[in-house]
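Trainee: I'd like to learn how to read the empty spaces and the helix packing in a model. Can we go through one together?

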Amino acid sequence: MPATPALRRRRRDDDSKRRKPLDRAVEPVAGNERAHARRRAGEHEIARQAAELLDGGIEAARLLGNTHALVWSLSGRGSAAIRMGDIELALAVAQESVDLSQEQGEGFHSAEAAAGLAAALLEAGEPERAVELLLGSAGGEELTLIAGSPRARYLEVMTRCRLAL
């Protein structure tokens, strides 16, 4: 006969009583750690999938000679590389994005490319260079050349840089 919800609850309660007090105290922490591990694994998988899509976008932009699309795809690829822990790749693609965006002149696109490079520099242990790049390329302390939610992300990068100095 299948267990009823009440019977399952009683078994769970009985099992809980048999465990040692330390086990009951550690359980929430262990559960939290398992949840964080799953979240990190999920983020890595999402970043991997994004990287695959962005690699295709980079290739297409190169074939079409579309510098604007290439800058955006390289910036996104740098962000995905950071999430995957590949800082060397993040630095390389972010630098290429900055170099290409300079051809388009100063503005939103070059500011976002520079901010992406700053994020990679921070992860590479170069917070001072990252701050200089953000201040010089993204509109000063308030990063006024970056709009909306990306600004919040890069303000966090700026804050983390300042804390690291």
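Trainee: Let's start inside. Which residues line the largest cavity?

Mentor: The general idea first: rolling a probe the size of a water molecule over the atoms shows where empty space is left. Keep in mind that this is a predicted model. Here the largest cavity is lined by Ser75, Gly78, Ser79 and Ile82, together with Ala90, Ala94, Gly116 and Ala120. Those lining residues trace back to helix H3 (67–84), helix H4 (87–102) and helix H5 (108–123), the elements that give two or more residues each.

Trainee: Which helix gives the largest share of that lining?

Mentor: H3 does, with four residues. As for chemistry, the lining of the largest cavity splits into four nonpolar and four polar residues, with no charged ones.

Trainee: And what volume does the largest cavity have?

Mentor: About 40 Å³. With a cut-off of 30 Å³ or more, the count comes to one cavity.

Trainee: Okay, now the open spaces. What lines the largest pocket?

Mentor: Ser79, Ile82 and Arg83 are in the lining, and so are Ala119, Glu123, Arg153, Glu156, Val157 and Arg160. The largest pocket has a volume of about 150 Å³. H3, H5 and helix H7 (148–164) each supply at least two of its lining residues, and the largest share, four residues, comes from H7.

Trainee: How many of the residues lining the largest pocket are charged?

Mentor: Five are charged, next to three nonpolar and one polar. Compare that with the cavity lining, where you find no charged residues.

Trainee: Let's move on to helix packing. What should I look at?

Mentor: Two packed helices are described by the angle between their axes and the distance between the axes. Take H3 and H4: they pack at an angle of about 160°, with their axes 8 Å apart. Angles over 145 degrees count as roughly antiparallel, so H3 and H4 are roughly antiparallel to each other. Their crossing is left-handed.

Trainee: Which residues make that contact?

Mentor: On the H3 side you have Thr67, Leu70, Val71, Leu74, Ser75, Arg77, Gly78, Ala81 and Ile82, and on the H4 side Ile87, Leu89, Ala90, Val93, Glu96, Ser97, Leu100 and Ser101. By class, the contact of H3 with H4 has ten nonpolar, five polar and two charged residues. Some names should ring a bell: Ser75, Gly78, Ile82 and Ala90 are also among the residues lining the largest cavity.

Trainee: What about H5 and helix H6, at what angle do they cross?

Mentor: Roughly 170°, and the axes of H5 and H6 (residues 127–137) come within 8 Å. That angle is why H5 is roughly antiparallel to H6. In the contact, Ala111, Ala114, Ala115, Leu117, Ala118, Leu121 and Leu122 of H5 meet Pro127, Arg129, Ala130, Leu133, Leu134 and Ser137 of H6. This contact has eleven nonpolar residues, one polar and one charged.

Trainee: And how are H6 and H7 oriented to each other?

Mentor: H6 and H7 pack at an angle of about 140°, with axes 9 Å apart. H6 and H7 are therefore oblique to each other, and their crossing is left-handed. Pro127, Ala130, Val131, Leu134 and Leu135 in H6 meet Tyr154, Val157, Met158, Cys161, Arg162 and Ala164 in H7. The contact of H6 with H7 divides into ten nonpolar, no polar and one charged. You've also met Val157 before, as one of the residues lining the largest pocket.

Conventions:
Residues are numbered from 1 along each chain as its sequence is written. This is a predicted model: local features need pLDDT of at least 70, side-chain atom pairs count only at pLDDT 80 or more; totals for chains, interfaces and linings use all residues. Side-chain values use heavy atoms; hydrogens and water are left out. On a 1 Å grid over the protein atoms alone, a cavity is a set of points where a 1.4 Å probe fits but cannot get out, and a pocket is an open set with protein on both sides within 12 Å along at least five of seven lines; lining residues have an atom within 4 Å of a point. Grid points are joined across faces, edges and corners, and a volume is the space filled by probe spheres set on the points. Ala, Val, Leu, Ile, Met, Phe, Trp, Tyr, Cys and Pro count as nonpolar, Asp, Glu, Lys and Arg as charged, and the others, Gly among them, as polar. Axes are lines fitted to C-alpha atoms, for helices over the stretch in contact, and angles run from 0 to 180 degrees between N-to-C directions. Angles under 35 degrees count as roughly parallel, over 145 as roughly antiparallel, 65 to 115 as roughly perpendicular and the rest as oblique. Contact means heavy atoms within 4.5 Å. A crossing is left-handed if the near helix is turned anticlockwise from the far one by less than a right angle, and right-handed if clockwise.
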